Amino acid sequence: MTQTELKPTDVLDVAHESANAGGSIALQLFRTDLAVKTKESKTDVVTRADNEAQRAVVDVLEREYPDAVIVGEEDDQRATIPSEGIAWLVDPIDGTNNYVTGNRRWATSVACLVDGRPIAAVNELPALGDTYTATPEGVQRNGLSVTVNDMTDPERFRVAPVIWWSMDRRDEYAAATTAIVDRFGDLRRPGSAQAALSMLASGGIEGIVTNVQANPWDTVAGAAMVEWAGGTVTDLNGDEWRHDSRGIVASNGGAHDVVLEAAQAIDST
């Protein structure tokens with residue numbers, strides 16, 4: 001099969017297989033004695049599990065598509081998504097801080113994009129036993145169709161601040177939490193953006209906000225799932241969200257204007 005013949009259903013099978021391969025490696029090493037290294041900050045950590053899981057994902061992708069363009073966080077993979085052509089976006093362990101402390105909420109994420117837009121996505125949460133697979137035709141969790149929920153009352157919403165605010169941006173983190181608790185029923189902090197977006201796509205929460213520029217491997221698969229599950233994803237201006245947008249605002253669509261208002265309040269600090 002050549003990349004010019006890609007169809008969402010075809011690549012979903014490969015994305016699923018590759019995410020399963022990487023997730024299985026990560027699960028084998030989960031809660032074992034792993035050396036933890038920091039990257040750019042004390043909370044930006046990496047272990048050999050990240051590298052070995054990424055290699056397992058890449059091995060499957062390159063076996064099926066030898067000329068695959070792979071964008072990923074580890075192993076010196078390409079860090080930017082090409083504007084034209086086909087690319088595979090990989091995050092071997094999204095939520096590494098959860099992972100290294102034994103928290104089960106982390107994800108192995110794989111997405112296929114054509115001309116910068118996703119056509120298939122998988123978020124595997126091995127420690128929780130959940131696999132989210134998606135194309136524009138819809139989203140499934142463990143083989144069963146899921147959608148965003150139909151809640152419309154913001155005072156019942158559960159909203160998650162995602163992506164990490166560095167120590168020199170804690171006024172923005174505080175503004176995000178205040179904006180949420182002032183407007184919504186409760187706040188959630190899953191510690192993995194892909195896990196949080198998967199929760200939103202399957203009806204477990206109602207909103208997600210951040211003003212931080214996220215790496216595409218942290219958000220693209222989950223953001224696509226939210227849209228394909230019937231939700232709404234925008235940038236901080238309320239315009240169409242792209243992988244290179246600053247910030248991300250996602251909701252079940254029931255009161256997106258209020259979720260957007262909360263996200264915009266972060267920048268008011």
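Me: What makes strands β13 and β14 count as paired, and in which sense do they pair?

Reply: Two strands pair if DSSP finds at least two bridges between them. β13 and β14 share three bridges, so they meet that criterion, and their pairing is antiparallel. Val233 stands opposite Ala250 in β14. Strands are DSSP runs of E with at least two residues, helices are runs of H or I with at least four, and both are numbered from the N terminus. The model is predicted: local features need pLDDT of at least 70 and side-chain atom pairs count only at pLDDT 80 or more, whereas totals for chains, interfaces and linings use all residues. Residues are numbered from 1 along each chain as its sequence is written, and side-chain values use heavy atoms, with hydrogens and water left out.

Me: Which strands are called the edge strands of the sheet in which β13 and β14 lie?

Reply: That sheet is open and has five strands in the order β11-β10-β12-β14-β13, with mixed pairing. Its edge strands are β11 (186–187) and β13, each of which pairs on one side only. Helix α5 packs on the sheet by touching β12 and β14, and its direction makes about 145° with that of β12. Touching, or contact, here means heavy atoms within 4.5 Å.

Me: How do you know in which sense β12 pairs with β10 and with β14?

Reply: Strand β10 (residues 158–161) and β12 pair in the parallel sense over three bridges, and Val209 of β12 is the bridge partner of Pro161. β12 and β14 pair in the antiparallel sense over four bridges; here the partner of Val209 is Val249.

Me: What makes both faces of β12 count as covered?

Reply: Gly207 and Val209 on one side, and Ile208 and Thr210 on the other, are all buried. Buried means under 20% relative accessible area, exposed over 50%, and partly exposed in between, with a 1.4 Å probe and protein chains only. In a regular strand the side chains alternate between the two faces of the sheet.

Me: Why is Gln194 called buried or exposed?

Reply: Gln194 has 0% relative accessibility and therefore counts as buried. This residue is found in helix α5 (residues 193–201). Leaving aside residues up to four places away in sequence, its contacts include Asp94, Ser109, Asn123, Trp217 and Asp218.

Me: Why is helix α7 described as largely enclosed?

Reply: Eight of the eleven residues of α7 (residues 256–266) are buried, so the rest of the structure largely encloses this helix. Among the buried residues are His256, Val259, Leu260 and Ala263. Their cover includes α4 (170–183), β12 (207–210), β13 (232–234) and β14 (248–251). α7 lies across β12, β13 and β14, and runs at about 155° to β14.

Me: Why are α4 and α7 called roughly parallel or antiparallel?

Reply: Their axes come within 8 Å and cross at roughly 155°. That angle makes α4 roughly antiparallel to α7, because angles over 145 degrees count as roughly antiparallel, under 35 as roughly parallel, 65 to 115 as roughly perpendicular and the rest as oblique. Axes are lines fitted to C-alpha atoms, for helices over the stretch in contact, and angles run from 0 to 180 degrees between N-to-C directions.

Me: Which residues of α4 and α7 meet?

Reply: Glu172, Ala175, Ala176, Ala179 and Arg183 in α4 meet Val258, Glu261, Ala262, Ala265 and Ile266 in α7. By class, this contact has seven nonpolar, no polar and three charged residues. Ala, Val, Leu, Ile, Met, Phe, Trp, Tyr, Cys and Pro count as nonpolar, Asp, Glu, Lys and Arg as charged, and the others, Gly among them, as polar.
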